[in-house]
There are 2 protein chains.
Amino acid sequence: MTDANAAVQDALASLAASRTVVVPAAERVADRIRAEVAEARLRVGARLPEQALGAALQVSRNTVREALSQLVAERVLIRVPNRGVFVAQPEADDIRDVYSARLVIEPGAIRYGARAADPAALSAVRAAYREGRGAAEVGDWTGVAAANQHFHRDVVALAGSPRLEREMGRLLAEMRLVFQRMPQVREFHEPYLDRNGEIAAMLTDGHVEKAADELARYLVAARDQLLDAYARLPGGTGPATPGR
Amino acid sequence: MTDANAAVQDALASLAASRTVVVPAAERVADRIRAEVAEARLRVGARLPEQALGAALQVSRNTVREALSQLVAERVLIRVPNRGVFVAQPEADDIRDVYSARLVIEPGAIRYGARAADPAALSAVRAAYREGRGAAEVGDWTGVAAANQHFHRDVVALAGSPRLEREMGRLLAEMRLVFQRMPQVREFHEPYLDRNGEIAAMLTDGHVEKAADELARYLVAARDQLLDAYARLPGGTGPATPGR
DNA sequence: GATTGCCGGATCGTTCAACAATCCTTCAAA
DNA sequence: TTTGAAGGATTGTTGAACGATCCGGCAATC
């Protein structure tokens, strides 16, 4: 390939990229709010008034509505008709449901996933475990929590299904909302770090059934620990959406 | 309980019900379009112009946009920025992805589902199989196809997770779009009817691992048969969204 | 005949203003 | 203390308008 052809190829690639970079305003607003929630700057139960949000972000109220609807579809927010949109506040039944879904998806991905024997996918699972180990060694428990999510995300990536990965992303976003109300990050993550390592090792050694069964037991234990802590929260576990 | 108390109770129940019956216009529009697609009156690739739709349904264009966005989030429609919204037209990669997801979720629900041993849930699976058997006996292959979807829906219900059931509903909606392009309903469903019955029997007999593994093989076979037929479609398998 | 450039029309994404409906809070009356 | 009414806030929807984008058709050029 000559230099002239390479230049044309570069220009075409750049043009194609520029065509995909234009992001509609509503999507930008949704991205922004999603990040605010994910980083816990927007707390569970917080109300997002359309008017104020439009003024703050310099977009019209209609655009805000579109963005909020997108996040409602992702279950990050919840819309109460005629009352407003709130950051979702998962309650005990939500936790049970999320774990019921994870209990099928995660061991299922290990046992039946199209990439369950793919060295690259397995390597990502191990890397996520090591990321958590590294964070724990410097006492960065927020980092341990993040790495734990990467671990579970990468387990589901064994499925080789973008659709399933997106749904898992939604479940993990809900888990982050759950943990917003849990100050004791260390308590909920430290006991599972070694278990992540064991599961990763079983996977690497090809013991998929053992790994799947161990992960199922792990998820049951984690769910029960969370439900126990939730039941002891101040203010109890009321409706999933508070008053304004 | 006296008659006067019963009347008050009735009135209160009626009032509570009326509070939940008010459906926002955008949601009614989305429900309407969803049904048109599910019943194949709106074909894959069809374009849905906002203006015309608003005039036809007597709602404003903004309300149409909200409804369309909801269906885009469900993957029933696909939005091409600045060009319009189209009924999604799954291509080969979409089929691969949907099956990769189902290959994890369905056997996973059998193996790890919270309701995998629940007699009522297992009874629903058997009933769906019998529904298909009944439809086949009168040559109603559309009915066989519908019963087949109920079968798979009810397998996933073994998970005991409303979130997972909703996601499965989306995957099944996509399968219906796939089959819109397949005139030979009988060919794609008849071979699997007996297999549905075998899986249901294994479940009833408590052979969950055998049932899960058989379902995985079934899904692989179904996927490969579909991909083979898709490759032979007239017009080939182009981009997932046609021109206007 | 094939390619390129321009123009017009259609319509999408967004904004704005307005209105009806709903809900919540506050205050006064019983 | 309870009930009812009024006021204010805001949500759901409508309609008009405008800028941006895209596509198709037509004419000019090679």
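1. First, a term: a polar contact here is a pair of N or O atoms within 3.5 Å; within protein, one must be able to donate a hydrogen and the other to accept it, and residues adjacent in sequence count only if both atoms are side-chain atoms. With that in hand, look at A:Asn62, where a polar side-chain atom sits 3.2 Å from a base nitrogen of DNA strand C.

2. Some ground rules. This is a predicted model, where local features need pLDDT of at least 70, side-chain atom pairs count only at pLDDT 80 or more, and totals for chains, interfaces and linings use all residues. Residues are numbered from 1 along each chain as its sequence is written, chains are lettered from A and ligands numbered from 1 in the order in which they are written, and side-chain values use heavy atoms, with hydrogens and water left out.

3. Back to the DNA. A:Thr63 has a side-chain N or O atom 2.3 Å from a phosphate oxygen of DNA strand C, while B:Glu50 brings a backbone N or O atom to 3.2 Å from a phosphate oxygen of that strand. Two or more residues of the surface near the strand come from each of α2 (25-38) and α4 of chain A and α4 (61-73) of chain B; helices are DSSP runs (H or I, at least four residues), numbered from the N terminus.

4. Which residues come nearest to DNA strand C? Of the 23 around it, they are A:Ala25, A:Thr63, B:Arg47, B:Arg61 and B:Arg65. Sugar and phosphate make up 73% of the strand's atoms that come within 4 Å of the protein.

5. Now the protein–protein side. Contact (heavy atoms within 4.5 Å) links 33 residues of chain A with 33 residues of chain B. The two chains bury about 2,700 Å² between them, 49% of it from carbon and sulfur atoms; that is accessible area (1.4 Å probe) lost on being put together, summed over both parts. A:Val104, A:Tyr112 and A:Arg163 supply 31% of what chain A buries against chain B, more than any other three residues.

6. The rule finds 14 salt bridges across this interface, each a side-chain nitrogen of Lys or Arg within 4 Å of a carboxyl oxygen of Asp or Glu. One of them joins A:Glu66 to B:Arg65, with the closest N and O atoms 3.0 Å apart.

7. Finally, symmetry. Chain A can be laid on chain B by a turn of 180° and a shift of 0.0 Å along the axis, with an RMSD of 0.0 Å (least squares on C-alpha atoms of residues with pLDDT of at least 70 in both). That is the relation of a two-fold axis. In chain A, A:Gly108 has the C-alpha nearest the axis, 2.2 Å away.

Notes
Near = heavy atom within 4 Å.
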